[in-house]
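Please open the model in a viewer and keep the sequence panel visible beside it. The tour below proceeds by selections, each followed by a description of what is found there.

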Amino acid sequence: MFHPRRTLRALLPPLAAGLALTALTALPAQPATAASTLTNGGFESDGTGAATPAGWSEYGTTAASFSEAGGRSGGHRLSHWSSSAYKVETYQYLSGLTNGAYKLTAWVRSGGGQKAAYIALKNCGGAEQRTDLPVSASGWIRIVVPVNVTNNQCTVSINSDANAGNWINVDDLTFAPGTGGTAIKGSDVSSLPKSEALGGTYRNSSGTTGDPLAILKSAGQNYARVKVWVNAADGYHGKTQLLALAKRIKAQGMKLLVDFHYSDTWADPGAQSKPAAWAGHSYTQLKTDVYTHTYDVLNALKAQGTTADMVQVGNEINGGMLWNEGSTNNWPQLAGLLNSGYDAVKAVNPATQVALHLAKGGDLSGTRWWFDSAVANGVRFDTIGLSYYGYWHGTLHDFQTTLDDAATRYGKPVFVAETAYPFRLDSKDAHENIIDLPGELVPGYPATTAGQTRWMNDIASIVEAVPGGRGLGVFYWESTWTAVTGNGWDPTDPSSGNGWENQALFGYDSRALPAMAWFGHR
């Protein structure tokens, strides 16, 4: 991702129903009744207006918790709402459980604005596990909460600590054996070598200067993504820098994703220009170019003991790559180029995973069309990566729908190759930020450190909930690209600025930001 066109996202008006009540803060007592399986997880037993849905108990501002019409699959749902501030818990105690790993699945909507809105599993023998409800007024989102039961019991707890008029909807809960979590907790650190060469420094949250990779690792990052250009004008983002950076990444115990752009500059849906060295080459020669370049870079990594764990053959290739020969207007040729890259990856190391990466992670029809075409033309790949920026690529509901569909339709693991969110709107350098106006933000996610953290936790929750355990994880873009003079967006212009420093994971004081906590997501 570099500088896509800005678009605004509209949010549907929130739904609201209920009674005016006062908020309470006391903790609930243990209920007297218990069951070995979840009762009335679809809130259909009582119909509209049930003050206490069958099988459930309530505590706090109890009248703010009720069933009403408008379920996700059936006729009814659970809602939390009040015309005045409220704090309420709707819960169900389960006993007689066989110890082991369990996973709660729930479909949720939230208008946002609460002090807290989450589903938790507690009193299960270990630490309470909770998942916040993403802000989504226009569509249902599936979330999961995994837990390890060690005392044969567990409490399912739906919580709102809300201001007047805040609301949530919850429906179709299931509690069954299963595991959760994601394998990839990564970020793109491509900018790091040039930043450091130009004097860029990084600090931990306490203000101590240190190795940014070590700071990211200590926060929980376990995977690093690095782009490769063929022969950039600034002399960076090539094989030399990758080899040096890979040593540092592997020394931190992280895995490595290599992102081939097959260009001398940014490759994205709006630009897939051939490297100057390949200009005028025939399609047949371009296939050889892709193979040779891919093999050369990856073999050099292997030779120094830093073999790539995953490789992107192309970057945001919605329109293809190496235009015009590799455009999606000529799928047989694009397929040949992609398979040439795939073959080179596997020739170096068969265990290295090959990813195909598209932008527009909320575009269901476009993603289907692209991968249907790829499969029909015999393109080989192991995983699917999608960029998803909420201020451009549709709602969280759109994103989850597209991600789930890709995993199911093609039977492949999926991951977020790029996402980001601003922690402030003003710019540190003279270059206008990509996102710098309140109207460009995703409703419910302010441009604050808390808003950035919330965005990343909610994205991670959606990936964790991909059916069949096919959600691999998330890469943040771009954690280390801070506003260092000379490290701008244009490799041909040393005076160009950085429009993304307000979306890095290091603040304007170079300190690690609270959003790094998302690396610790399950």
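**Strand pairing in the barrel**

Select histidine 357 first: its bridge partner in β16 is glycine 385. The model is a predicted one. Extend the selection to strand β15 (residues 353-358) and strand β16 (residues 383-387), which run parallel and are joined by four bridges. Now display the whole barrel, which eight strands close in the order β11-β12-β13-β14-β15-β16-β17-β18, with parallel pairing. From one strand to the next, the twist averages 25 degrees.

**The open sheet**

Move next to the five strands ordered β1-β4-β9-β6-β7, which form an open sheet with antiparallel pairing. Its edge strands, β1 (57-60) and β7 (129-132), each pair on one side only. The average twist between one strand and the next is 20 degrees here. Within this sheet, select strand β4 (residues 86-95) together with strand β9 (residues 153-162); 10 bridges pair them in the antiparallel sense. One position to label is tyrosine 91, whose bridge partner in β9 is serine 157.

**Two packed helices**

Select helix α5 (residues 331-348) and helix α6 (residues 364-376). Their axes lie 10 Å apart and the packing angle is about 75 degrees; the two helices are therefore roughly perpendicular to each other. To see the contact, show the side chains of Trp331, Leu334 and Leu338 in α5, which meet Trp369, Trp370, Ser373 and Ala374 in α6. Of the residues in this contact, six are nonpolar, one is polar and none is charged.

**Nonpolar cores**

Which residues have the most contacts inside the largest nonpolar core? They are Ile119, Val170, Leu173, Phe175, Val258, Met321 and Trp370, in a core of 122 residues. Helix α5 contributes the most to this core, with eight residues. A second, separate core has nine residues, among them Ile184, Phe415, Leu472 and Phe475. Return to isoleucine 119 and display its surroundings: leaving aside residues up to four places away in sequence, isoleucine 119 touches residues including Leu104, Val108, Arg130, Ile143, Ser157 and Val170.

**A point on helix α4**

Select threonine 292, which is placed in helix α4 (residues 283-303). Is this residue buried, partly exposed or exposed? Threonine 292 counts as partly exposed because its relative accessibility is 45%. Then add glycine 341 to the selection: C-alpha to C-alpha, threonine 292 and glycine 341 are 8.7 Å apart in space, while 49 residues separate them in sequence.

**Backbone geometry to inspect**

Two cis peptide bonds merit a stop. One runs from tryptophan 323 to asparagine 324, with omega near 5 degrees; asparagine 324 lies in the loop between β14 (310-313) and α5. Another runs from tryptophan 477 to glutamate 478, with omega near -5 degrees. Glutamate 478 is in the segment after β18 (471-476).

Next, select aspartate 172, located in strand β10 (residues 167-177). Its phi is near 55 degrees, a positive value in a residue other than glycine. Because its relative accessibility is 16%, aspartate 172 counts as buried.

Conclude at tyrosine 262, in the loop between β13 (255-260) and α4. The phi of tyrosine 262 is near 50 degrees, again a positive value in a residue other than glycine. With a relative accessible area of 1%, tyrosine 262 is buried.

Note on methods. Residues are numbered from 1 along each chain as its sequence is written. This is a predicted model: local features need pLDDT of at least 70, side-chain atom pairs count only at pLDDT 80 or more; totals for chains, interfaces and linings use all residues. Side-chain values use heavy atoms; hydrogens and water are left out. Axes are lines fitted to C-alpha atoms, for helices over the stretch in contact, and angles run from 0 to 180 degrees between N-to-C directions. Angles under 35 degrees count as roughly parallel, over 145 as roughly antiparallel, 65 to 115 as roughly perpendicular and the rest as oblique. Contact means heavy atoms within 4.5 Å. Ala, Val, Leu, Ile, Met, Phe, Trp, Tyr, Cys and Pro count as nonpolar, Asp, Glu, Lys and Arg as charged, and the others, Gly among them, as polar. Two strands pair if DSSP finds at least two bridges between them. A nonpolar core is a set of buried Ala, Val, Leu, Ile, Met, Phe, Trp, Tyr and Cys residues joined through side-chain atoms within 4.5 Å. Buried means under 20% relative accessible area, exposed over 50%, partly exposed in between (1.4 Å probe, protein chains only).
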